[in-house]
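Welcome! Here are a few exercises to work through with the sequence and the model side by side.

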Amino acid sequence: MTPNDEILVKTPDALINGEATIATIKSCVPEILDPWKIPTLDVDSILVAIRIATYGDNMTVNHKCKSCNADNSYDISLRLYLQSYSSREFVDVTSLDDFIFTIRPLNYKEYTEFQKTSIALRRSLSSILNRKMEDSEKEKLLDPIYKQIAENSLRIILQNIESISVDGETETDKLAIKTFFDDNDVSYFQTIKDLIEKNAQAYEPPTHNIICTECQKEDSIRVTLDQSDFFAKG
Ligand SMILES: [Zn+2]
């Protein structure tokens, strides 16, 4: 099993389908009437603020050293997370030739739906890969899954797009936008994809530089916030 598979197997369904996060936000911040509509980019900051209000600024993170396998634990300051998030910027416009493309962040509902599909597909993929059978038989089973993974990625990108404008005219219809990309050079689609990836990188959780207490090797860790152990006391 790759580390990724391990996460897939260990993550309870309540987290994958977003219910655990939504229940937490509803109970701690009742002013947010419909947490499903929160832009995904803001969910981490809200979870961090809740965690600070509940357990304080400090969070202990356990980490196994990559060099010597020693178990270390590190204290991180969650206020630094909030500071770091408040300085991020979401870029929503890009252009190519005369075309101007506007995007928006997905809300938590949309994000969770795509995530559920993506995890289900990756689970099917790894279960087929682990089966004992002829390679040619495996390929027959894998082909449709790879196709669905590609379709899901395409749907995510299209969902991000708000509008395409050219010569003062603006198109917001999803089907018309899809047709535009089907009919035009792939560079237009790539322009949007690049911007979405740039925004995703800009909103990645901050990294922490750490030093192993056993072998003194330096490393850097990134704490993922939207998962089960985040709300365990630490
Ligand atoms: Zn070490």
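**Exercise 1.** Work out whether Lys193 is buried, partly exposed or exposed.

*Solution.* Start with the scale: a residue is buried if 20 or more other C-beta atoms (placed from the backbone) lie within 10 Å of its own, exposed if 12 or fewer, and partly exposed in between. Next, count: Lys193 has 15 other C-beta atoms within 10 Å, so Lys193 is partly exposed. Finally, place Lys193 on the chain: this residue lies in helix H9, residues 186-202. Helices here are DSSP runs (H or I, at least four residues), numbered from the N terminus.

Two notes before going on. Residues are numbered from 1 along each chain as its sequence is written. This is a predicted model, where local features need pLDDT of at least 70, side-chain atom pairs count only at pLDDT 80 or more, and totals for chains, interfaces and linings use all residues.

**Exercise 2.** Check whether the length of H6 agrees or disagrees with its residue count.

*Solution.* The expected span is 1.5 Å times one less than the number of residues. For the 22 residues of H6 that gives 32 Å, and the end C-alpha atoms are 31 Å apart, which agrees.

**Exercise 3.** Find which residues of H6 are buried, and what they pack against.

*Solution.* First, the buried residues in H6 are Tyr108, Tyr111 and Thr112. They cover an arc of only 90° around the axis (taken from the directions from the helix axis to the C-beta atoms), so they sit on the same side of H6. Then look across: the buried residues of H6 pack against H4, with contact meaning C-beta atoms, placed from the backbone, within 7 Å.

How values were computed: Helices (H or I, at least four residues) and strands (E, at least two) are DSSP runs, numbered from the N terminus. Two residues are in contact if their C-beta atoms, placed from the backbone, lie within 7 Å.
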